[in-house]
Amino acid sequence: MTPLGPQEITNLSGFPSLNGLQIRHLDLARDVGPLAALIADVNVHDNDDLIPTEASLRNDFEHTAGMSPTEDIVLAEVDGSLIGAAQVSWRVRTDRVFHSVELWVRPEFRRRGLGRALLAWAESRVMTGLSSGTMGPPNMPHVLSCWAGVEIGGTRELATRAGYHINGYGIVMIRPLAEPMSETPLPDGIEVRPVRPEDHRAIWDADEEAFQDHRDPTVRTEEDFAHWFADPDIDTSLWVVAWDGDEVAGSVMNFVYANENARLGVSRGWLEHISVRRPWRRRGLAAALIARSLLRLRDLGLAEAALGADAENLTGAVQLYESVGFTRLKTGANYRKAIVVPAPEATGS
């Protein structure tokens, strides 16, 4: 039997009795690639389009201020093979702290209590962090948040039993690029320019401002900026950014995820962060930027375009996307659970 490593968790109370089961924390030197593979395998099975690579996962770990990879991720192994994992992270959204809980369990190990045990570990980890004052401002309301496709078997039962409720839905929409499309005219005084490195901050700040009108907007940090522009799949030549003089009026940050396309067997580009600032809304700018994005992706030889949206978007975005040919492909549910922040642990003098 292999001796226990320094990161292994020996108290397996609540975990199922699986021969060879070991629960331990993430080792950045050797686990990032296997974890990316686990997430990819689970997501393919669950019809989730997010297929991370080792490089993209490392970028996440290096630039997420509200998470310590070696403390906030736990792995489940059987005889050295990764079968499940849980991750928690936190961030401020408007006036609340959201603690994101993510779980992955290989299909053949489901319905044995492993997902329930990983969820319990994740919640315990959050409470420990709150007690020590390391998981967000204690004077704000705190919420546990999970996201899952509505068609994933057992997810709703697991969440409901743990005290979560559904708080809104998100959708993935898709549009074949072979269908007719046209380049919608830009509003008067607006022009689209190529993205230069010196424009990154202005584009980012304009996008952040525009998204303040969405539900539970994120309070962005410098780590978010660094994370976004260090993405291994970023290609700003695909972006469509509208300028009114020296001001960014709106943008669509288009991405093509080659590894994801290969794994899923699709030929797809994503319209990410579709945003228009308030002074330039209701003038057809969003439709014009989307039309140019579709043409840009078609010119790459891609077969389809996709985007994600809040099903109850407060700005009427879903109706806009439908008007330019997007249709709903699948739906995900956002599960939430309010938590009581414990008093900080006393420290000795």
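Let me start with Asp199, which is found in the loop between strand E8, residues 191-193, and helix H5, and I should say at once that what we are looking at is a predicted model. Asp199 counts as buried because its relative accessible area is 6%, under the 20% cut-off. If we leave aside its neighbours within four places in sequence, Asp199 is in contact with Pro194 and Trp243.

From that loop we move into H5 itself, residues 200-210, which packs with helix H6, residues 222-229, at an angle of about 120°, the axes being 12 Å apart. The crossing of these two helices, H5 and H6, is right-handed. On the H5 side the contact is made by His200, Arg201 and Trp204, and on the H6 side by Glu222, Asp224, Phe225, Trp228 and Phe229. By character, the residues of this contact between H5 and H6 divide into four nonpolar, three charged and one polar.

Next, a check on helix geometry, for which I chose H3, residues 114-132. At 1.5 Å a residue, its 19 residues should span 27 Å, and the end C-alpha atoms are 27 Å apart, so the expectation and the model agree. Just after H3 comes Gly133, which takes a positive phi of about 75°.

Finally, let me turn to Leu271, which has its place in strand E11, residues 268-276, and which is buried, with a relative accessible area of 3%. Leaving aside neighbours within four places in sequence, the contacts of Leu271 include Val252, Met253, Ile290, Leu294 and Phe326. The C-alpha atom of Leu271 is separated by 16 Å from that of Glu183, a residue 88 residues apart from it along the chain.

Notes: Residues numbered from 1 in each chain as written. Predicted model: local features only at pLDDT ≥ 70, side-chain atom pairs only at ≥ 80, totals over all residues. Heavy atoms only, no water. Helix = DSSP H or I, 4+ residues; strand = E, 2+ residues; numbered from the N terminus. Expected span 1.5 Å × (residues − 1). Axes fitted to C-alpha atoms, helices over the stretch in contact; angles between N-to-C directions. Left-handed = near helix turned anticlockwise from the far one by under 90°. Contact = heavy atoms within 4.5 Å. Nonpolar A, V, L, I, M, F, W, Y, C, P; charged D, E, K, R; others polar. Buried < 20%, exposed > 50% of the residue type's maximum accessible area, 1.4 Å probe, protein only.
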